Amino acid sequence: MRIIGITGGKGGTGKSTIATALACELAKTRKVLLVDADVDCPNDHLILSIERSLLKVVEQRIPAWDLSKCTKCGACARVCRTNAIVSVPGSNPIFMENQCNGCGACRLVCPSGAIGWSSKEIGRLFSGKRGNIDFLSGELKANQPVSEFIVNHLNEEMEKTGRGYDYVIIDTAAGTHCPVIAALEKADGIVAVTEPTPLGAHDLEIILQLLEKMNKNAGIVINRSDLGDKGQIEGLASRYGARIVLEVPFSREIIDSYSGGKPAQIANVMSILER
Ligand code: SF4
Ligand code: SF4
């Protein structure tokens with residue numbers, strides 16, 4: 001089984017277009033699992049017109065107060081790094097659930113054992129199918145702070161179900177934050193999708209730096225390759241030892257496919273695997 005991560009520093013470069021096109025091409029002859037790990041804004045199911053089914057509700061632990069034991073000392077608010085607890089002298093602490101990451105520090109410092117555990121829903125996992133593509137995706141609930149928890153649950157599902165596949169394609173979020181790192185940890189081949197613009201080059205360099213720190217080699221896909229100056233991207237590829245594996249010129253058909261909820265046909269998309 002090969003795990004291919006499709007990522008990129010900048011949003012809107014075409015990661016999902018490339019990931020879904022690659023999955024569709026591979027699925028003509030191989031068993032494929034496509035994982036949409038862009039949990040803040042998943043859209044692969046829209047591109048592939050997949051009707052998703054709920055697989056799992058993801059919960060996170062949160063503290064719960066027994067105020068009859070609270071001495072109003074304020075220690076829980078002082079230790080909370082996310083400012084999820086407000087303490088006014090002489091009053092019970094006020095808890096703002098949406099800011100809590102479940103670290104448990106408040107519970108550890110409470111001198112009177114007034115804090116136990118409860119839980120809240122922070123997101124959902126979904127499954128689906130299109131032809132020979134099996135599909136997994138995660139979705140963070142609005143206003144929840146820790147999307148990497150959802151990605152970790154996706155990774156667990158992938159561990160459980162992924163062994164029977166020839167290829168697992170992981171479509172990550174944009175950027176270099178924790179959910180992207182969590183999604184790429186298991187990938188044995190990574191492709192960064194960019195575009196030939198100063199912003200594309202800037203964000204590509206950040207993701208190449210991240211991959212260098214993770215000891216992962218990257219291939220580069222230049223999307224809309226004829227709409228800008230490729231020189232900066234080629235310079236970065238040479239500086240970071242990353243091969244340019246695919247150039248995708250601007251195409252009206254690709255845009256029409258995307259807006260019509262259909263996977264794009266991308267010439268030579270399988271060259272991504274030759275890196
Ligand atoms: S569990 Fe952590 S983040 Fe949540 S309220 Fe307690 S200290 Fe703050
Ligand atoms: S640390 Fe415990 S006792 Fe002190 S204010 Fe918080 S809940 Fe109350």
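**A walk through a two-domain predicted model**

R224 occupies the loop between β10 (218–223) and α8 (231–239); helices (H or I, at least four residues) and strands (E, at least two) are DSSP runs numbered from the N terminus. The model is a predicted one, in which local features need pLDDT of at least 70 and side-chain atom pairs count only at pLDDT 80 or more, while totals for chains, interfaces and linings use all residues. Residues are numbered from 1 along each chain as its sequence is written, and chains are lettered from A and ligands numbered from 1 in the order in which they are written.

R224 is not a glycine, yet its phi is positive, at about 50 degrees. The residue is buried, because 20 other C-beta atoms lie within 10 Å. The classes used here rest on C-beta atoms placed from the backbone: a residue is buried with 20 or more others within 10 Å of its own, exposed with 12 or fewer, and partly exposed in between. N83 offers a second case of positive phi outside glycine, with a value near 55 degrees. The loop that holds N83 runs between α3 (75–79) and β4 (85–86). N83 counts as exposed because it has 10 C-beta neighbours inside 10 Å.

The loop of R224 leads to α8. Which residues of α8 are buried? They are I233, L236 and A237. Their directions cover an arc of only 105 degrees around the axis, and therefore they lie on the same side of α8; the arc is that of the directions from the helix axis to the C-beta atoms. An α-helix has 3.6 residues a turn, so residues three or four places apart point the same way. G231, G235, S238 and R239 are exposed on the other side of α8. The buried residues of α8 pack against β9 (189–194), α7 (198–213), β10 and β11 (243–248), where contact requires C-beta atoms, placed from the backbone, within 7 Å. After α8 comes G241, with a positive phi near 65 degrees.

The wider frame can now be set out. The protein has nine helices and 11 strands, and 45% of its 275 residues count as buried. Its C-alpha atoms fill a box of roughly 65 × 40 × 30 Å, taken along the principal axes. Among contacts between residues at least 6 apart in sequence, 75% join residues at least 24 apart. The chain is divided into domain 1 (2–58 + 122–274) and domain 2 (67–113), with bounds from an automatic or database domain assignment. The C-alpha centres of domain 1 and domain 2 lie 39 Å apart.

How confident is the prediction, and where is confidence lowest? The mean pLDDT, the predictor's confidence in each residue on a scale from 0 to 100, is 91, and 99% of the residues reach 70 or more. Confidence is lowest in helix α6 (residues 178–184), with a mean of 83, and highest in helix α4 (residues 105–109), at 98.

Two ligands have shells of surrounding residues. Ligand 1 is surrounded by 13 residues, of which C80, A84, C100, C103 and C106 are the closest; a residue is near a molecule or strand if its C-beta atom, placed from the backbone, lies within 6 Å of it. The shell of ligand 1 divides into nine nonpolar, four polar and no charged residues. Here Ala, Val, Leu, Ile, Met, Phe, Trp, Tyr, Cys and Pro count as nonpolar, Asp, Glu, Lys and Arg as charged, and the others, Gly among them, as polar. Around ligand 2 there are 14 residues, the closest being C70, C73, A75, C76 and C110. Nine nonpolar, four polar and one charged residue make up the shell of ligand 2.

Strand β7 (133–140) and the loop before it complete the picture. N132 lies in that loop, which follows β6 (115–130), and is partly exposed because 14 other C-beta atoms lie within 10 Å. Leaving aside residues up to four places away in sequence, N132 touches A27, K31 and V32. F135, in strand β7, is buried because it has 22 C-beta neighbours inside 10 Å. With the same exclusion of residues up to four places away, F135 touches L34, H45, I50, S127, G128, K129 and R130. F135 and D44 are 91 residues apart along the chain, and their C-alpha atoms are separated by 9.1 Å.

Key
Contact = placed C-beta atoms within 7 Å.
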